[in-house]
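Good morning, and thank you for coming. I should like to take one strand and its surroundings first, and then turn to confidence and to the contact between the chains.

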Amino acid sequence: MQCQRCGERPAVIHLTTIVDNTHTEQHLCEACAVAQGIQTEATLAKFPIGNFLATLGSGTATAQPTTDAEQRCSACGATLQDFRDSGRLGCSVCYDAFGASLRMLLRRIHGSSRHVGEPYASPLGMDVPPEGEPAAEVAALREQLQRAVEAENFELAARLRDEIRSRE
Amino acid sequence: MTLDLDLLPDGGMPWLDASGPEGQIVLSTRIRLARNMRGVRFPPHASDAELEEVRAAVVAAARASSRLRDAVVIEIDELPRLERQLLHERHLISRDLAGLESGKAVRRGAAVVTDGAIAAMVNEEDHLRLQVVKSGFAPSPAYADLEQLDRELGTQIPFAFHGEFGYLTSCPTNAGTGLRASVLIHLPGLVLTKEIAKVLQGLAQVGLTFRGLYGEGSEVVGNLFQLSNQTTLGKSEEELLDHLSKIVRQVIEYERQARDRLVQNAPTVIGDKVWRAYGLLRYARSLSFEETMNLLSGVRLGAGVGLIDEVSIYTLNKLLVYAQPAHVARRAERGLTDPDLPAVRATFVRQLLDDDARRGPRAGPSTSDG
């Protein structure tokens, strides 16, 4: 199959995007994929975080609304745009303020957004819940959803998405 | 404030003695954990008052810990550039903390609390960067030390921790475990056999990354590579370390095979390279830093494959540190751009090598201090 953008090189990247139940497929060569801001595992190591950030909240290959860029962290006042410019978050609350975008970014960087390492018990005591604690099941469902999308199991993905929405 | 690094045991570099496993190929293993204080903006966004508050909290927590109770506290924002660079050259602090990044000043509240073997960097890109360095290839012992300090400080300081994302960091590339383990490894065999590109490419595919001697963004000098884990989230600390260990063991094995092949197939070429390097270091009257690093690599290879026994790995490690620009400048009591530094460096190198040669084959630790 040829790349549908340049029509010259063979398509090696097959991208499936689902936005509001609309399912689109793109077949691209590596160069055109990069040109469109799509990161793949093959290109992952070659590109610094700036390239990931450039696609954040811009709607490229994601389901993020563009207004994300203007979202503001209630604690430190930083915006997603600030983060895109500097590559550094303002404070720990930013992780919740930009949760959806960051979850996606973390998956791209680390291949997962779920911490499975050592847990931490805050010295402030158990009356203070860990920041942004989502129900553990929802987090697990999100991982399953991601895997379902990667496996192109759209039926399961849709079910999982509805399940997550109903719980949030 | 004047810095007296002699207050630290081994000048803060206990790894120099090459006593650790695989000491012929691996110089040191470093692990760091990134942590932030809950409710305070990350250092790049924090106010001066917040940064001071973080420093005070960390120093107090360190004093209450078993490991850093008697540690030295170095306030980096009080130091002149030369001394900050000195600390960086000893790998006691990062380039960012030393305020050496171009266009960036040293951050208010920047400090390091260290007993030489283990340290807490304060107000780096994250509020806390706990770091331990061990001689040779020793990820598990290094992590065990660090884990204890992390637990102790974590009971004093409320860390920013998230139910889903784990430990929160200024840059999302460090989130989750906050753990970065890096192994400083000498790979002249793979460079000479031109297999290095293949190996480095392979590393990227298995989630490891490489850097030069001075960490992120630095060039590779003297065939020294820092191999480290690229991701910090989605795997446990143990899994990250196991994976790194497995891959590094493989790289060590490749390097060993490459050295064997060189010695078997090109003994004259390799012998000439090694002895020329030694000869230049032993007799040159002016040495640039880069040339010194490359020549030291040749001699280190010679010592590793048993071609040279006039010089110990300990001396080579020492030269690696003390031949760096800020160390030479300080020894000569001159500025970093002084034109006589290459001559001062050559004299120092000659002295150390002479000492080793006089002591005879396989000399023990040198007494001439840097």
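**A covered strand and its neighbours**

Let us begin with strand S4 of chain B, residues 118-122, which is mostly covered, with 5 of its 5 residues buried. Please bear in mind that this is a predicted model.

Which way do the residues of S4(B) point? Ile118(B), Ala120(B) and Val122(B) point one way, Ala119(B) and Met121(B) point the other way, and all are buried. In a regular strand, side chains alternate between the two faces of the sheet.

Consider now the partners of this strand. S4(B) runs antiparallel to strand S3 of chain B, residues 111-114, and 4 bridges join them. Within this pairing, Met121(B) is the bridge partner of Val112(B). The two strands form a hairpin with 3 residues between them, and Gly116(B) in the turn has a positive phi of about 100°.

Strand S5 of chain B, residues 128-135, is also antiparallel to S4(B), joined by 5 bridges. Here Ile118(B) stands opposite Val132(B). This hairpin has 5 residues between the strands, and Asn123(B) takes a positive phi near 60°.

I turn to confidence. Chain B has a mean pLDDT of 91, with 94% of its residues at 70 or more. Over residues 363-370 of chain B, however, pLDDT stays under 50. For the complex, the predictor gives an ipTM of 0.86 and a pTM of 0.79.

Finally, the contact between the chains takes 34 residues from chain B and 34 residues from chain A. On the chain B side, these divide into 13 nonpolar, 16 polar and 5 charged.

Notes
Residues numbered from 1 in each chain as written. Chains lettered and ligands numbered in written order. Predicted model: local features only at pLDDT ≥ 70, side-chain atom pairs only at ≥ 80, totals over all residues. Contact = placed C-beta atoms within 7 Å. Nonpolar A, V, L, I, M, F, W, Y, C, P; charged D, E, K, R; others polar. pLDDT = per-residue confidence, 0-100. Buried ≥ 20, exposed ≤ 12 C-beta atoms within 10 Å, placed from the backbone. Helix = DSSP H or I, 4+ residues; strand = E, 2+ residues; numbered from the N terminus. Pairing = 2+ DSSP bridges.
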